[in-house]
Amino acid sequence: MKIAIVGAAGRMGRKLCELAADASLDVVSRVDAVDGFDREWGGDVEGVVDFSWHEAVPGYVRKAAEQGIPYVIGTTALTAAEQAVVDEAAKAIPVVQSGNYSLGVNLLIELVRKAASVLGRGYDVEITEMHHRHKKDAPSGTALMLAKSAALGRGVDFDANAVYGRRGDTGERPADEIAIHALRGGSVVGDHVVMFAGELERVELVHRAQDRAAFAAGALQALKWAKGRPAGIYTMRDVLGFA
Ligand SMILES: NC(=O)c1ccc[n+]([C@@H]2O[C@H](COP(=O)([O-])OP(=O)(O)OC[C@H]3O[C@@H](n4cnc5c(N)ncnc54)[C@H](O)[C@@H]3O)[C@@H](O)[C@H]2O)c1
């Protein structure tokens, strides 16, 4: 399968290019905004993996829709308007979109939902994420997925109960609050801790990514999985058979 990598010069893009051959995928176009890379892919491309910058996603996903080829989105922090373009494209092509393509995190999402449902309102949900100093958006897409999974398990509305960091006169913590805290520093690939803090005990579910290959391999697997599927938005849960 001939593929294009968008954001090919970046940390994830380089890892995707490195691992593609192992997945029997042929990278025929390396797309990036920096010198020495393609500005767009050609007509021979059969699928695209995008780990770039949220503002870049609408233009590229529209092009994939016009060409009728599957599109895998790893890029996070899309605005509502950018997401609407992705949703529109997904009426024409299979789009896989996930804030995290690792097997471990996708399993963690399942475990968090179960823990939130079993532990209930007596356990306060606090999520911390830590990433390298170069990460440009916060909180991580993974932290948001974990928080939404906790909300689902708890049976509460995520948007109404999400809190991003705390400062000043915050008042007492409401029971249904789901708080997310973003740490940045060094070269950390991606750490996530979901804490359920009760009166008598704390439960912590932890994931630490040790190499970007964990995400890259999953994204390449997702593209192969998407080939030939009906149009629609899919997640890594669909790819892994969890959905
Ligand atoms: N879903 C996941 O599993 C997962 C894992 C890691 C990172 N990410 C996300 O992937 C994205 C990239 O992360 P990274 O660490 O590789 O970042 P990075 O900054 O190292 O790389 C991003 C690349 O995109 C390029 N780019 C920017 N605008 C572009 C445009 N208009 N067209 C083409 N290329 C463009 C940049 O030049 C850069 O080379 C981020 O959104 C990050 O949050 C997702």
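Let's start in the loop between α1 and strand β2, residues 26–31, because that is where S24 sits. This is a predicted model, so please hear everything I say about S24 and the rest in that light. S24 has a positive phi of about 60 degrees, although it is not a glycine. Is S24 buried or exposed? S24 has 9 C-beta neighbours inside 10 Å, so it counts as exposed.

There is another residue to look at with this in mind. A77 is not a glycine either, and its phi is positive, about 65 degrees. You will find A77 in the loop between β4, residues 71–73, and α3, residues 80–89. With 17 other C-beta atoms within 10 Å, A77 is partly exposed.

While we are on loops, please find P139, in the loop between β6 and α5. The peptide bond from A138 to P139 is cis, and its omega is near -10 degrees. And one more loop: G171 lies between β7, residues 162–164, and β8, residues 178–184. G171 has 6 other C-beta atoms within 10 Å and is exposed. From G171 to E126 it is 45 residues in sequence and 16 Å in space, C-alpha to C-alpha.

Now let's zoom out. How many helices and strands does the protein have? There are eight helices and 11 strands. The radius of gyration is 19 Å, close to the 18 Å that the globule rule gives for 243 residues, so the protein is as compact as a globular protein of that length. Along the principal axes, the C-alpha atoms fill a box of roughly 60 × 40 × 35 Å. Of the 243 residues, 39% count as buried. If you take the contacts with a separation of 6 or more, 69% of them are between residues 24 or more positions apart.

Next, the inside. The largest nonpolar core has 41 residues, and the ones touching the most other members are V48, V49, V72, V95 and A219. Which helix gives the most to this core? That is α7, residues 213–226, with seven residues. Apart from this core lies another, of 20 residues, including I109, I178, I180 and F196.

Let me stay with V95 for a moment. Not counting residues up to four places away in sequence, V95 touches V61, Y71, I73, V86, A89, A90, I233 and Y234.

Back to α7. Its 14 residues should span 20 Å at 1.5 Å a residue, and the end C-alpha atoms are 20 Å apart, which agrees. The buried residues of α7 are F215, A216, G218, A219, L220, A222, L223 and A226. After α7 comes G228, with a positive phi near 85 degrees.

We can go through α4 in a similar way. This helix covers residues 103–119, so 17 residues, and it reaches 24 Å from its first C-alpha to its last, close to the 24 Å expected at 1.5 Å a residue. Which residues of α4 are buried? They are V105, N106, L108, I109, V112, A115 and A116. Those buried residues pack against β6 (124–131), α5 (141–154), β9 (190–197), β10 (202–209) and α8 (236–240). Just after α4, G120 takes a positive phi of about 70 degrees.

One of those partners, β6, contains V125. V125 has 27 C-beta neighbours inside 10 Å and counts as buried. Leaving aside neighbours within four places in sequence, V125 is in contact with A116, A150, I178, V194 and F196. Compare its position with V61: the two are 64 residues apart in sequence and 35 Å apart in space, C-alpha to C-alpha.

Last stop, the ligand. Of the 25 residues around it, G7, G10, M12, A56 and F215 come nearest. You have met F215 already, among the buried residues of α7. Which helix supplies the largest share of the shell? Helix α1, residues 11–20, does, with three residues. By class, the shell has 11 nonpolar, 11 polar and three charged residues.

That's my tour, and thanks for listening!

Methods. Residues are numbered from 1 along each chain as its sequence is written. This is a predicted model: local features need pLDDT of at least 70, side-chain atom pairs count only at pLDDT 80 or more; totals for chains, interfaces and linings use all residues. A residue is near a molecule or strand if its C-beta atom, placed from the backbone, lies within 6 Å of it. Helices (H or I, at least four residues) and strands (E, at least two) are DSSP runs, numbered from the N terminus. Ala, Val, Leu, Ile, Met, Phe, Trp, Tyr, Cys and Pro count as nonpolar, Asp, Glu, Lys and Arg as charged, and the others, Gly among them, as polar. A residue is buried if 20 or more other C-beta atoms lie within 10 Å of its own, exposed if 12 or fewer, and partly exposed in between; C-beta atoms are placed from the backbone. Two residues are in contact if their C-beta atoms, placed from the backbone, lie within 7 Å. The radius of gyration is taken over C-alpha atoms; the globule rule is 2.2 Å times the number of residues to the power 0.38. A nonpolar core is a set of buried Ala, Val, Leu, Ile, Met, Phe, Trp, Tyr and Cys residues joined through C-beta atoms within 7 Å.
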